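Notebook open, coffee ready. I want to see how the pieces of this chain sit against each other, so here goes.

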Amino acid sequence: MNWLASNPPTVAVLLLGPLVLAAVGAVVGLVYLGIDRVLVARMQARIGPPLVQPFRDVSKLMMKESIIPAGALKWLFQFCPVMCVMGSAALLLYIPLFGQPALFEGSGDAMLIVYLLTVPSLALVAGGFASSSPYATIGAQREMVVMIGYEFPLSVTIVGIAWRVLQVTDANAFAFATMAQYPIWDLVGPLGFVGALLLLVSLVAVTPGELGRIPFDLAEAETELAGGLLVEYSGRNLALFYLGNAIRGFAVLSLVVALFFPYGIGASAGLTGAVAIAIVDGLFFLLKVLVVMFVSVALVRSAMARFKVNQASVFYLMIMTIVSLIGLLLIWADMML
């Protein structure tokens, strides 16, 4: 039994928890952004920025003026950065973090996450259109193309895991607590293991697209669109988008861990105190997130160039969709055999 399960959240925790989680998610997300930049620089034989550079970027932007273009739809232009932060922070309320159940466990499940993941992307798209910039408009169109592409393999991956869990329990198979109780790797044989591995590959491939990182940074594409979606944003508005993307990055990486690696090591290491187990599991969770970030973001970003729009569409709508469907079929065949 973990610490949070044995200490149910009070009303005060439920009220203040979202603010605390948003702050923690922003700090951890910025730390991982710094680590990502350091790792990529080292792999490309560069010195790169210091680990604290994302914090410096945010603090500098917060002190600058937010300029609104003359032709922009002002209320929407200014609301979109707030929407991005709020949508990203909402993800943290339903995803298990630091080896503990989600703060709003029981109020939402993995399918809710699929919908919430679209909120930050929609905020970026709406902000691009609201800025009235032709560069931002093209960036918004590209963002929508990529978003449409990765939604299907993401959904198939979640449905595939939940469907297999449903065969062994009557509990809500889409709940992260149920998935943690019945990890997919413990439910499959050799054929199903290959299927689960394909689903993992599909989700890892979705991660850089979800985060707008190379090779799926089509919406920004500084060399083509001068910044794309965010070309007209500055000051505090740009800082909010920066923070929202950092929080979303942490949430998406945590989602991969929650779906495929919901294991803790505190109890198995022989620890007895609930607090000690919680600390060890929390540190182990951060290590798992770091490994997922290295494989799905840093390693890919250092080794690949930006895709074209048609290449990104084919990759997600054709290749990754087929990979995820094959993984689902292999899990089904494994159960039948």
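**Entry 1: two helices side by side**

I started with helix 3 (residues 53-62) and helix 11 (residues 235-260), in what is a predicted model. Their axes come within 7 Å and cross at roughly 150°. Angles over 145 degrees count as roughly antiparallel, so helix 3 is roughly antiparallel to helix 11.

Next I looked up who touches whom. On the helix 3 side I noted P54, D57, V58, L61 and M62. They meet G235, R236, L238, A239, L240, Y242 and L243 in helix 11.

**Entry 2: D57 again**

D57 caught my eye, so I checked its charge partner: the side chains of R37 and D57 meet in a salt bridge, 3.3 Å from N to O. This pair links distant parts of the chain, with R37 in helix 2 and D57 in helix 3, 20 residues apart. Are these two buried or exposed? D57 has a relative accessible area of 16%, so it is buried. R37 comes out at 28%, so I wrote it down as partly exposed.

**Entry 3: the other salt bridges**

How many salt bridges are there by this rule? I get five. I followed up the ones that involve D36.

R213 forms a salt bridge with D36, and the closest N and O atoms are 2.5 Å apart. R213 lies in the loop between helix 9 (190-211) and helix 10 (222-225), while D36 is in helix 2, so the pair ties together parts that are 177 residues apart in sequence.

R301 forms a salt bridge with D36 too, and here the closest N and O atoms are 2.9 Å apart. R301 sits in helix 12 (residues 274-303) and D36 in helix 2, so to speak a long way off along the chain: 265 residues apart.

I drew D36, R213 and R301 as one linked network of salt bridges. Then I looked up how covered they are. D36 has 1% relative accessibility, so it counts as buried. R213, with a relative accessible area of 17%, is buried. R301 is buried as well, like D36.

**Entry 4: a leucine in helix 2**

I stayed with helix 2 (residues 11-43) and picked L21, which has its place there. Its relative accessibility is 16%, so I filed L21 as buried. What does L21 touch, not counting residues up to four places away in sequence? My list reads L92, L93, L97 and L103. I took L97 and compared the two distances: L21 and L97 are 76 residues apart in sequence and 9.5 Å apart in space, C-alpha to C-alpha.

**Entry 5: out to the surface**

Last stop was a nonpolar patch on the surface. I copied down its members: F129, M144, I148, V314, L317, M318, I319, I322 and I326. Together they have about 780 Å² of accessible area. Which elements give two or more residues to the nonpolar patch? Those are helix 7 (134-166) and helix 13 (309-336). Helix 13 gives the largest share, six residues.

I zoomed in on M144, which lies in helix 7. Its relative accessible area is 30%, so M144 goes down as partly exposed.

**Recap for myself**

Helix 3 runs roughly antiparallel to helix 11. D36, R213 and R301 make a network of salt bridges. The nonpolar patch on the surface takes its largest share from helix 13.

Conventions. Residues are numbered from 1 along each chain as its sequence is written. This is a predicted model: local features need pLDDT of at least 70, side-chain atom pairs count only at pLDDT 80 or more; totals for chains, interfaces and linings use all residues. Side-chain values use heavy atoms; hydrogens and water are left out. Helices (H or I, at least four residues) and strands (E, at least two) are DSSP runs, numbered from the N terminus. Buried means under 20% relative accessible area, exposed over 50%, partly exposed in between (1.4 Å probe, protein chains only). Contact means heavy atoms within 4.5 Å. Patches are made of residues with over 30% relative accessible area and no salt bridge: like charges are joined within 9 Å, nonpolar side chains (Val, Leu, Ile, Met, Phe, Trp, Tyr) within 5 Å. Accessible areas come from the Shrake-Rupley method with a 1.4 Å probe; for residues, only the protein chains shown count as cover. A salt bridge is a side-chain nitrogen of Lys or Arg within 4 Å of a carboxyl oxygen of Asp or Glu. Axes are lines fitted to C-alpha atoms, for helices over the stretch in contact, and angles run from 0 to 180 degrees between N-to-C directions. Angles under 35 degrees count as roughly parallel, over 145 as roughly antiparallel, 65 to 115 as roughly perpendicular and the rest as oblique.
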